[in-house]
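Got the viewer open? Let's walk through this one a selection at a time.

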Amino acid sequence: MKSLFPLFLLLSLLTWTACEKDEQVLDKAGDLENVTYNPEAYNLVIPDNFRDMVIPADNQMTIEGVMLGRKLFFDPILSDDNTMACASCHLPSSSFTDDLAVSTGIDGIAGTRSSMSLLDVGFQDKGLFWDGRSTTLEIQALIPVEDPIELHTTWAEAISRIRNHPDYPTDFRKAFGIADRKDITKELAAKALAQFERSLVSSGNSRYDRAIRGEIFLSPSELNGMDMFFDQSSVLPDAECGHCHNQPLFTTNEYLNNGLDYAADLNDFQDKGYGNVTGKKSDNGKFKVPTLRNIALTAPYMHDGRFATLEEVIDHYNSGGQYAENRHPLIVDLQLTEVQKQELISFLHTLTDTTFTNNPNYSNPF
Amino acid sequence: MKKITLFAVLFAFVATQYACKDDDDIVPASTTTEVALNFNAKYGADDLVLNSTYDYEGSGVKFSNLNFYISNVVLVKASDTDQTEILEIALIDFTTADGNKVVARNVPTGTYSGLKINIGVPSDLNRLPPTDFATTHPLGNDSQYWSAWDSYIFAKIEGAMDTLNAQIYDHGFLYHSGTDAANKEISINRNLELTADATGVLEFDFDLKALFNMNGTPLNIKDNPIVHDPNNLTITLNLMNNFNNALSLQ
């Protein structure tokens, strides 16, 4: 016991020095208390045919929280060299994807996965990322900042910049009621980012949405495409898409193998996807079914961006895909004609929601 | 301050008293119990393990997905008219660790002569899409709903077959049942004594092999690999009827 005393002394000394240093940089404790904290509930507007979003009790959305999240999302302050932000790989005009096959971080190193649309991301209930390795938006938001092939900094560095920023301390106070800029943490930054991401909801104004509400009529070719997509016609072939890309979100959020790669053995997949997360061999080569809303705006396609166009995507499905034991049984030779393939594509275009991509509340606030 | 504390304590006490009273009036705690319904997947005499190989009419077969809805589970007393619903709906899902188990709560104790289970989703619930339910509700799962039918998918059986016995499972198959007509009620006679001091346990065997019996001959999976057409329910109804033989109480 006695022998611990010097250590204790050293620790107290260190702590004391740390405080000293802080105080030189930052204002006095409680420096934000004179800023009014009176957050206003954010009114999340959701299309009628969607379910309610599940929002964590400890991160209810407020106008101040969403606004702070939006600033952080667009601010390169979260990257090591101040060149990249979340928005660099998640561009509003591309439904929050980038236009690359695989994303490249601040050091110019390409990753192995394609950026994902953040449209309706708040409705995802079976995990985030192509392989589902992250459970909530609050946890997910912590990852890109320190990822060496993304923003490649440390949270300690990012938080120190935010604490010393002329506006952010006040913004954090308004959103979360902290008394002092020293109370700004990466967890609060992640909460704000998550709030902004939950606000990224379909507008309900795509041609598809308006047609099912009876406000407009789809063209005969779009209707044929829709009938094949949902297997609704006794004359046209089933394209089987709707089983996995089910309305209203145009995804079931499941992890499945849609036949992209040949694998004689399930251990042969180069990117094991969902199998890496569950540890089950039968899940190797499975990836998240992504939403098809705004799909015309998010090329290139698939987890590794291997298809440049929707034509290539449809050709893939029409071929029945590559063999692997766990290729989903609905990935079969569809026998669609050239005209039918075009009809399917014209239906996919009815899912374009430019009210969403042009929403001023989602744009760069700086 | 003291006054408030005293008042709060008093109030809490009175409230508790009332709460107990209430309970006694409605469901006396001493006369209800829980009943666990456990479904054990079988393939003939063997335990069924998903993604493992079995023989189907001389071909290798692996099942990758298996689930079905049970609904309107009632316990029946000696007279058939005396029925007690113990469970509205549950999805029995063999792909997750405990997905094959469900517990019915607040079940009145007593002596019962049997039970009835509906396989499927009753028509009133079948009219409500998954978005009307929380994602944690059995009906809140978008992947169990098929828009083209305006119906839940009552049962899913998916897998792949190795028709050449070459360890190549390239004949995928998928049987999805649905629409109101596909609901199937099953009655099981069994004397059950439910007491307050023990959870009742019902262990069911669910034999998938028995499900593929088409009036005496096994379904030709290779020729009928995908069955989800609401306008052609022959195979669907046959599969659903077979739950009668496939499901048994241990």
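How much area is buried between chain B and chain A? Keep in mind that you're looking at a predicted model. Color the two chains separately and look at where they meet: about 2,100 Å² is buried there, with carbon and sulfur atoms giving 53% of that area. The contact draws 29 residues from chain B and 29 residues from chain A.

Stay on the chain B side and select B:T131, B:D142 and B:W146. These residues lose the most area to chain A, together 26% of what that side buries.

Now go hunting for charges. Two salt bridges turn up across the interface of chain B and chain A. To see a salt bridge up close, show the side chains of B:K62 and A:E325: their closest N and O atoms sit 2.8 Å apart.

Next stop, a pair of helices in chain A. Select residues 310-319 for helix α13 of chain A and residues 338-349 for helix α14 of chain A. They pack at an angle of about 125 degrees, and their axes are 10 Å apart. That angle is outside the 65 to 115 degrees counted as roughly perpendicular and not over 145, so α13(A) and α14(A) are oblique to each other. Their crossing is right-handed.

Last, turn on the side chains where these helices touch. From α13(A), pick A:L310, A:E311, A:I314, A:D315 and A:N318. From α14(A), add A:K341, A:Q342, A:L344, A:I345, A:L348 and A:H349. Color by residue type, and the contact of α13(A) with α14(A) splits into five nonpolar, three polar and three charged residues.

Technical notes. Residues numbered from 1 in each chain as written. Chains lettered and ligands numbered in written order. Predicted model: local features only at pLDDT ≥ 70, side-chain atom pairs only at ≥ 80, totals over all residues. Heavy atoms only, no water. Axes fitted to C-alpha atoms, helices over the stretch in contact; angles between N-to-C directions. Helix = DSSP H or I, 4+ residues; strand = E, 2+ residues; numbered from the N terminus. Parallel < 35°, antiparallel > 145°, perpendicular 65-115°, else oblique. Left-handed = near helix turned anticlockwise from the far one by under 90°. Contact = heavy atoms within 4.5 Å. Nonpolar A, V, L, I, M, F, W, Y, C, P; charged D, E, K, R; others polar. Buried area = accessible area lost by both parts, 1.4 Å probe. Salt bridge = Lys/Arg side-chain N within 4 Å of Asp/Glu carboxyl O.
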